[in-house]
Amino acid sequence: MTASTVAQYLAALPADRRAALSAVRKVINENLPDGYEEGMQFGMIGWYVPLSVYPAGYGENPKVPLSFVALASQKSGMVLHFLCFYGQSHSLNLVHQRIQEERQEARHG
């Protein structure tokens, strides 16, 4: 399946898969810290750090936002990937610091 938006991705799924993924998606969106964005990434629904926060990007590729969590329907089942910056707490701390800075700029800007 090739979808360019989350809505397209969900619409292309069978009803039972759409319901299950929508339920998980809702929980993630309700609990994800501020500063992350949702969209399509690597053919899956993804939540990632925007390039405005972490311009180095995924794998040091400045065209691909740094992945955080991904949700997918695959042939054998549904998958939730927790990428969590590959266990690099330094990267995670930098991202959270930058998100806080952007929030402060937005409040005072």
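This is a short walk through the fold, the surface and the salt bridges of one protein model.

Okay, before anything else: what you have up there is a predicted model. Let's start with the overall layout. The protein has 3 helices and 4 strands, and if you trace the chain from the start, the order goes α-α-β-β-β-β-α.

Now, how is the chain packed? The protein has 109 residues, and 33% of them count as buried. If you take contacts with a separation of 6 or more, 43% come from residues 24 or more positions apart. As for the outside, about 6,700 Å² is exposed, with carbon and sulfur atoms supplying 54% of that.

On to the charged pairs. How many salt bridges does the structure hold? There are 2.

One of them joins E38 to R25, with 2.5 Å between the closest N and O atoms. E38 sits in strand β1, residues 37-41, while R25 belongs to helix α2, residues 15-31, so this pair ties together parts that are 13 residues apart in sequence. Are these two buried or exposed? Somewhere in between: E38 is partly exposed at 28% relative accessibility, and R25 is partly exposed too, at 23%.

Then there's E30 with K26, where the side chains meet in a salt bridge at 3.8 Å, N to O. Here both residues are in helix α2, 4 residues apart, so about one helical turn separates them. E30 is exposed, with a relative accessible area of 55%, and K26 counts as exposed at 52%.

So, to recap the pairs: E38 and R25 link strand β1 to helix α2, whereas E30 and K26 sit within helix α2.

Technical notes
Residues are numbered from 1 along each chain as its sequence is written. This is a predicted model: local features need pLDDT of at least 70, side-chain atom pairs count only at pLDDT 80 or more; totals for chains, interfaces and linings use all residues. Side-chain values use heavy atoms; hydrogens and water are left out. Helices (H or I, at least four residues) and strands (E, at least two) are DSSP runs, numbered from the N terminus. Buried means under 20% relative accessible area, exposed over 50%, partly exposed in between (1.4 Å probe, protein chains only). Contact means heavy atoms within 4.5 Å. Accessible areas come from the Shrake-Rupley method with a 1.4 Å probe; for residues, only the protein chains shown count as cover. A salt bridge is a side-chain nitrogen of Lys or Arg within 4 Å of a carboxyl oxygen of Asp or Glu.
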